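Biologist: I would like to learn how to read pockets and patches. Where should we start?

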Amino acid sequence: MDNKVITKIIKSQKLSKYKKNPIIYKYKKVSNYTKLTPLTYTVLLKNTKIVTNINKKKESHINLKRGDYVLCGIKNEKYGLPLEKILEIYDLGNIVSKPVIRKGFKLTKKNTSKSSNKSKIKIVPDWGGEQTLQVGDHILLTLDGKKHYGIEKKAFKKSYKKL
């Protein structure tokens with residue numbers, strides 16, 4: 001590695017200032033980061049070695065973890081960055097929920113055998129951990145219908161409508 005040489009040059013040079021032009025990347029769900037197209041990005045779902053090629057030559061590589069990002073630059077070069085670096089140098093925008101249709105039901109005294117609206121109902125939601133609900137809240141199934149999670153009654157009224 002030539003890091004010592006570069007460090008010596010940095011100490012001996014008068015450094016110029018450069019401002020990066022903002023670039024907008026759009027999220028793209030891909031099974032393999034190599035399928036990204038220019039100005040798109042994805043979030044890794046598993047640990048992955050990212051190889052960056054530019055002009056058909058290997059420029060770099062990095063081993064990244066689940067939750068880290070891979071971006072595709074203007075020259076179709078794919079490069080990975082750890083989440084911490086993404087948060088440091090990029091503005092993350094809005095996330096918009098998809099208009100999906102889910103099956104579910106409202107928790108009632110009758111279907112829960114609870115005598116009070118304040119009684120606690122504990123479940124393990126789709127994402128793990130523990131969720132505490134009560135009569136009046138809703139249970140929704142995941143899209144595959146195999147798991148479930150709860151939605152508090154006021155949040156449900158603001159987020160869902162019955163079809």
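Modeller: Start with the elements. Helices and strands are DSSP runs, numbered from the N terminus. This is a predicted model. In it, helix H1 spans residues 3-12 and holds Val 5.

Biologist: Is Val 5 buried, partly exposed or exposed?

Modeller: Partly exposed means between 20% and 50% relative accessible area. Val 5 counts as partly exposed because its relative accessibility is 47%.

Biologist: Which residues make a nonpolar surface patch with Val 5?

Modeller: A patch takes residues with over 30% relative accessible area. Here Val 5 joins Ile 6, Ile 9, Ile 10 and Leu 15. Their patch covers about 460 Å².

Biologist: Now the pockets. How many residues line the largest pocket, and which lie nearest its centre?

Modeller: The lining has 43 residues. Nearest the centre are Asn 94, Ile 95, Val 96, Ser 97 and Lys 98. The space in this pocket is about 1600 Å³.

Biologist: Which element gives the largest share of that lining?

Modeller: Strand E7 does, with 3 residues. Several elements supply at least two residues each, including strand E2 (40-43), helix H2 (83-89) and helix H4 (153-159).

Biologist: What is the lining of the largest pocket like by class?

Modeller: Count 24 nonpolar, 8 polar and 11 charged residues.

Biologist: What volume does the second largest pocket have?

Modeller: About 330 Å³. Its lining includes Tyr 27, Lys 29, Tyr 33, Leu 44 and Lys 46. By class, that lining splits into 6 nonpolar, 4 polar and 2 charged residues.

Terms used: Residues are numbered from 1 along each chain as its sequence is written. This is a predicted model: local features need pLDDT of at least 70, side-chain atom pairs count only at pLDDT 80 or more; totals for chains, interfaces and linings use all residues. Side-chain values use heavy atoms; hydrogens and water are left out. On a 1 Å grid over the protein atoms alone, a cavity is a set of points where a 1.4 Å probe fits but cannot get out, and a pocket is an open set with protein on both sides within 12 Å along at least five of seven lines; lining residues have an atom within 4 Å of a point. Grid points are joined across faces, edges and corners, and a volume is the space filled by probe spheres set on the points. Helices (H or I, at least four residues) and strands (E, at least two) are DSSP runs, numbered from the N terminus. Ala, Val, Leu, Ile, Met, Phe, Trp, Tyr, Cys and Pro count as nonpolar, Asp, Glu, Lys and Arg as charged, and the others, Gly among them, as polar. Patches are made of residues with over 30% relative accessible area and no salt bridge: like charges are joined within 9 Å, nonpolar side chains (Val, Leu, Ile, Met, Phe, Trp, Tyr) within 5 Å. Accessible areas come from the Shrake-Rupley method with a 1.4 Å probe; for residues, only the protein chains shown count as cover. A salt bridge is a side-chain nitrogen of Lys or Arg within 4 Å of a carboxyl oxygen of Asp or Glu. Buried means under 20% relative accessible area, exposed over 50%, partly exposed in between (1.4 Å probe, protein chains only).
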